[in-house]
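Please look at the sequence and the three-dimensional structure together before reading on. The paragraphs below are meant to be read with both in view.

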Amino acid sequence: MVIELSVDDEALVSRLSGRFSCAECGKGYHDVFERPKVEGRCDGCGSREFVRRADDNAATVKSRLGVYNRQTAPLVAYYATRGKLRKVDGMAEIDEVSRQIEEALNIA
């Protein structure tokens with residue numbers, strides 16, 4: 001079984017390049033989707049130190065997508081023709097994505 005999470009490339013770039021976390025406790029945040037309740041202070045531990053992974057930037061994410069489109073995406077047709085591919089709308093709300101994945105796994 002192969003599950004393909006279908007996500008718009010630009011949305012994926014935005015999601016990944018906006019991530020950051022607390023340097024002390026590791027709580028995750030996002031520039032757009034989940035900011036700290038108090039700007040500059042971690043909701044979990046109160047730290048004022050935040051970090052970003054070096055590879056969580058738009059250029060790196062776009063480069064990875066290029067590699068995926070050239071090297072991995074062609075396998076989608078291979079698995080689809082063998083009846084082993086299930087597509088999940090990765091743009092849906094997280095609960096819906098989880099539901100679709102569970103449904104796809106129950107079919108297997």
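The text goes through confidence, the sheet, some single residues and the largest pocket in turn.

The structure is a predicted model. How confident is the predictor, on average, over the chain? The mean pLDDT of the chain is 94, and 98% of the residues reach a score of at least 70. Confidence can also be given for each element of the chain: strand β4 has the highest mean pLDDT, 98, whereas helix α4, which covers residues 94-107, has the lowest, 91.

We turn next to the sheet. Three strands form an open sheet in the order β3-β2-β4, and their pairing is antiparallel. The edges are occupied by β3 (28-30) and β4 (50-51); each has a single partner strand, and therefore one side of each is left without a neighbour in the sheet. Strand β2, made of residues 19-22, is paired with β3 in the antiparallel sense through 3 bridges. Within this pair, Ser21 faces Gly28 of β3, the two residues standing opposite each other. The strands β2 and β3 form a hairpin with 5 residues between them, and in this hairpin Gly26 adopts a positive phi near 85°. The pairing of β2 with β4 is likewise described as antiparallel, and it runs over 2 bridges. Here Cys22 stands opposite Phe50 of β4.

One residue of an edge strand can now be examined in detail. His30 belongs to strand β3. Is His30 buried or exposed? The cut-off for a buried residue is a relative accessible area under 20%. His30 has a relative accessible area of 8%, so His30 is buried. What lies by the polar atoms of the His30 side chain? The backbone oxygen of Arg15 is 3.0 Å from one polar atom of that side chain, and the backbone nitrogen of Val32 is 2.9 Å from a polar atom of the His30 side chain.

Further along the chain, Pro36 lies in the loop between β3 and β4. Pro36 has a relative accessible area of 7% and is therefore buried as well. From C-alpha to C-alpha, Pro36 and Ala23 are 13 Å apart in space, with a sequence separation of 13 residues.

The last topic is the space left between the atoms. Rolling a probe the size of a water molecule over the atoms reveals where such empty space remains. The largest pocket encloses about 700 Å³ of space. It is lined by 25 residues, and those closest to its centre are Leu5, Val7, Leu12, Arg15 and Gly90. Which elements supply at least two residues each to the lining of the largest pocket? They are β1 (2-6), α1 (9-17), α2 (58-72) and α4. Helix α2 gives the largest share of this lining, 5 residues. By chemical character, the lining of the largest pocket comprises 15 nonpolar, 4 polar and 6 charged residues.

Two of the residues closest to the centre of the pocket, Val7 and Gly90, also show how the chain brings distant parts of the sequence together. Val7 sits in the loop between β1 and α1. Its relative accessibility is 24%, so Val7 counts as partly exposed. Val7 and Gly90 are separated by 83 residues in sequence, yet their C-alpha atoms are 5.0 Å apart in space.

Methods
Residues are numbered from 1 along each chain as its sequence is written. This is a predicted model: local features need pLDDT of at least 70, side-chain atom pairs count only at pLDDT 80 or more; totals for chains, interfaces and linings use all residues. Side-chain values use heavy atoms; hydrogens and water are left out. Two strands pair if DSSP finds at least two bridges between them. Helices (H or I, at least four residues) and strands (E, at least two) are DSSP runs, numbered from the N terminus. pLDDT is the predictor's confidence in each residue, from 0 to 100. On a 1 Å grid over the protein atoms alone, a cavity is a set of points where a 1.4 Å probe fits but cannot get out, and a pocket is an open set with protein on both sides within 12 Å along at least five of seven lines; lining residues have an atom within 4 Å of a point. Grid points are joined across faces, edges and corners, and a volume is the space filled by probe spheres set on the points. Ala, Val, Leu, Ile, Met, Phe, Trp, Tyr, Cys and Pro count as nonpolar, Asp, Glu, Lys and Arg as charged, and the others, Gly among them, as polar. Buried means under 20% relative accessible area, exposed over 50%, partly exposed in between (1.4 Å probe, protein chains only). A polar contact is a pair of N or O atoms within 3.5 Å; within protein, one must be able to donate a hydrogen and the other to accept it, and residues adjacent in sequence count only if both atoms are side-chain atoms.
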